[in-house]
Amino acid sequence: HQNRIAVEAEFGVLSGVEDDLKISDHDSRFTNPNQVREFVERTNCDSLAVAIGTSHGAYKMKNVEGLQFHILEKIQQQLNRFPIVLHGASNVSKQEIIKINSARGKLHNEAKGIELEEIRKAIKLGVSKINIATDLRLLWTRVHREFFKDNPKLFDPAIPGKKYIEEISDFVNTKCFSFHLENKLDEILISAN
């Protein structure tokens, strides 16, 4: 904080794979709502990523029936309007998986993510940041696989990179509308000040 850097902390352990770290479902656990207030006070973090049933990577929701909203509600009771974050909240589009596999990818068809309605409900319950890196990686993979499959003599990643930039712009705009975040910039800027 002395250097004007906001700190996001993660409390609870998500299962899945990210950055070459693999956490099993057995070793993961949900955030304990009874410990969040003390954690936030002791760490002085600015936002808190919680474990309520999300996971890193493209193989989410294996042993949990959706997001655990009762845990999120209890966390909100303890922190009242504190910025809550969901890590591992990608949707993992079936269409992207099919397109990647059509371009010689070998992703499992049972890859699954978080449903849109669950994200909308989480936002209503105070989630203010949603991490969807897997969705962005799937988009990148699909654009590049399709390009190089169709253009096997080319090797410059800048060429499909331009298409990726266009597609990621469309993707982010679509996400904002699907999360009902359109026209919220003024509200976000006011709360940031």
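A residue counts as buried when its relative accessible area is under 20%, as exposed when that area is over 50%, and as partly exposed in between. Keep those words in mind while moving through this model, which is predicted.

Begin by selecting Glu8, whose relative accessible area of 32% makes this residue partly exposed. Next to it, select Lys129, which is also partly exposed, at 36% relative accessibility. These two side chains form a salt bridge in which the closest N and O atoms are 2.8 Å apart. The pair links distant parts of the chain, since Lys129 belongs to strand β7 (residues 127-130) and Glu8 to strand β1, with their positions 121 residues apart in the numbering.

Stay on strand β1 (residues 8-11) and select Phe11 together with Phe39, which lies in helix α1 (residues 36-43), 28 residues apart from Phe11. Phe11 is buried, with a relative accessible area of 12%. One of two aromatic pairs in the model, Phe11 and Phe39 are stacked, with 4.3 Å from centre to centre and 25° between the planes.

Now show helix α5 (residues 133-150), whose 18 residues reach 26 Å from the first C-alpha to the last, close to the 26 Å expected at 1.5 Å a residue. Its buried residues include Leu138, Leu139, Val143 and Phe147, and the buried residues of this helix pack against α3 (94-102) and α6 (158-178).

Which way do the rings of Phe147 and Phe148 meet, stacked or edge-to-face? Their centres are 5.0 Å apart and their planes stand at 85°, so the pair is edge-to-face, because planes over 60 degrees apart are counted that way. Phe147 is buried at 16% relative accessibility, whereas Phe148 is partly exposed at 26%.

In helix α5, select Arg142 and Glu146, which form a salt bridge with the closest N and O atoms 3.4 Å apart. Being four residues apart in the helix, they are separated by about one helical turn. Arg142 is buried, with a relative accessible area of 5%, while Glu146 is partly exposed at 24%. Add Glu96, Lys163 and Glu167 to the selection, and the view will show one network, joined with Arg142 and Glu146 by salt bridges that share partners.

For a last stop, move to helix α4 (residues 116-124), where Glu117 and Arg120 are three residues apart and so separated by about one helical turn. Glu117 is exposed, at 52% relative accessibility, and its salt bridge with Arg120 brings the closest N and O atoms to 2.6 Å. The model holds nine salt bridges by this count.

Conventions. Residues numbered from 1 in each chain as written. Predicted model: local features only at pLDDT ≥ 70, side-chain atom pairs only at ≥ 80, totals over all residues. Heavy atoms only, no water. Phe/Tyr/Trp six-rings, centres within 6.5 Å; stacked < 30°, edge-to-face > 60°. Helix = DSSP H or I, 4+ residues; strand = E, 2+ residues; numbered from the N terminus. Buried < 20%, exposed > 50% of the residue type's maximum accessible area, 1.4 Å probe, protein only. Expected span 1.5 Å × (residues − 1). Contact = heavy atoms within 4.5 Å. Salt bridge = Lys/Arg side-chain N within 4 Å of Asp/Glu carboxyl O.
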